[in-house]
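Trainee: I'd like a close look at one part of this protein, with its surroundings filled in. Please take it slowly.

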Amino acid sequence: VLMKKLGLVKRLAYSSGDYFTDVRSFRMIDKIVSKNVDVIWSASALMLKEREKNLQGTRFAPQVVMPLGLVMRDEEVQKKAGDARTVLFMGNIQPHQGIDLMIDSFIEVRKVYPNLTLEIVGRGPYTESAQRKVADAGLSLCVMFHGFVDDEKKVDEIYKRSLVGMALYHPDLSSFTKLSDPGKIKDYLSAGLPVVTTAVFPFSREIAE
């Protein structure tokens with residue numbers, strides 16, 4: 001914005017992947033930026049409407065719904081291994097992502113399918129708590145915490161041995177997820193994985209259909 005005011009930039013597009021309705025500092029910054037750009041790319045129609053409501057009475061740039069894009073994974077990745085038995089979670093490890101629900105569910109599902117494994121790719125403030133929960137349940141040998149993986153070949157190998165992708169967003173904690181366009185789910189789909197998710201955002205209905 002400063003560079004535009006100095007004449008170093010001609011046009012600005014503001015891309016918003018998430019919208020935090022309950023974070024005052026975010027809304028203040030969003031208001032300043034929205035008034036000083038040429039166009040706003042909102043990740044969902046709900047986000048667009050929420051911004052209009054919060055910026056009511058002020059002049060701001062026109063909005064366009066611009067869903068998040070993704071790179072389709074190779075057909076080779078979509079050909080699952082014959083012995084695929086991994087339940088996969090990728091993302092930030094924190095309560096609103098439904099980590100507790102996923103681990104509790106895995107405990108129950110494994111009673112019926114004892115050969116299943118759970119692989120968790122990512123890190124976050126809830127990692128140690130999740131690891132303790134897994135250890136307390138006696139599942140340390142069948143639940144793998146990879147941490148952040150920046151090697152795409154390794155990620156592809158994890159996808160190849162996966163049966164399903166998990167995205168159990170917590171309805172009461174996901175204030176911004178409800179308005180967003182979840183990239184994690186699109187990444188699962190790009191690898192040919194079916195998805196288990198919660199009915200938190202509009203995209204959930206499309207998955208169900």
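Where does Pro171 lie?

Mentor: Pro171 is in the loop between strand 7 (162–167) and helix 8 (183–190). Before we go on, this is a predicted model, where local features need pLDDT of at least 70 and side-chain atom pairs count only at pLDDT 80 or more, while totals for chains, interfaces and linings use all residues. Numbering starts from 1 along each chain as its sequence is written, and side-chain values use heavy atoms, with hydrogens and water left out. The helices (H or I, at least four residues) and strands (E, at least two) are DSSP runs, numbered from the N terminus.

Back to the proline. Pro171 counts as partly exposed because its relative accessibility is 42%; buried is under 20% relative accessible area, exposed is over 50%, and partly exposed is in between, using a 1.4 Å probe and protein chains only. Contact means heavy atoms within 4.5 Å, and if you skip residues up to four places away in sequence, Pro171 touches Lys178 and Val200. Ala208 is 37 residues away along the chain, and its C-alpha atom is separated from that of Pro171 by 17 Å.

Another loop residue to click on is Gln97, between strand 4 (86–90) and helix 5 (99–112). Gln97 has a relative accessible area of 9%, so it's buried. Apart from neighbours within four places in sequence, Gln97 is in contact with Phe89, Asn92, Leu168, Tyr169 and Lys184.

Now follow the chain on into helix 8 and look for charges. Side chains of opposite charge can pair when their charged atoms come close. A salt bridge here is a side-chain nitrogen of Lys or Arg within 4 Å of a carboxyl oxygen of Asp or Glu, and by that rule there are ten. In one of them, Arg73 meets Asp187, with the closest N and O atoms 3.3 Å apart. Arg73 sits in the loop between strand 3 and helix 4, and Asp187 is in helix 8, so this pair ties together parts that are 114 residues apart in sequence. Asp187 is buried, at 19% relative accessible area, and Arg73 is buried too, at 12%.

Arg73 has another partner, Glu152, with the closest N and O atoms 3.1 Å apart. Here the loop between strand 3 (63–65) and helix 4 (75–78) is tied to helix 7 (residues 152–160), because that's where Glu152 lies; the two parts are 79 residues apart in sequence. Glu152 is partly exposed, with 45% relative accessible area. Add Asp156 to Arg73, Glu152 and Asp187, and you have a network linked by salt bridges.

One more pair takes you to the stretch leading into strand 7: Glu119 and Arg161 form a salt bridge at 2.7 Å, N to O. Glu119 lies in strand 5 (residues 117–121) and Arg161 in the loop between helix 7 and strand 7, so the pair ties together parts that are 42 residues apart in sequence. Glu119 is buried, with a relative accessible area of just 4%, whereas Arg161 counts as partly exposed at 31%.
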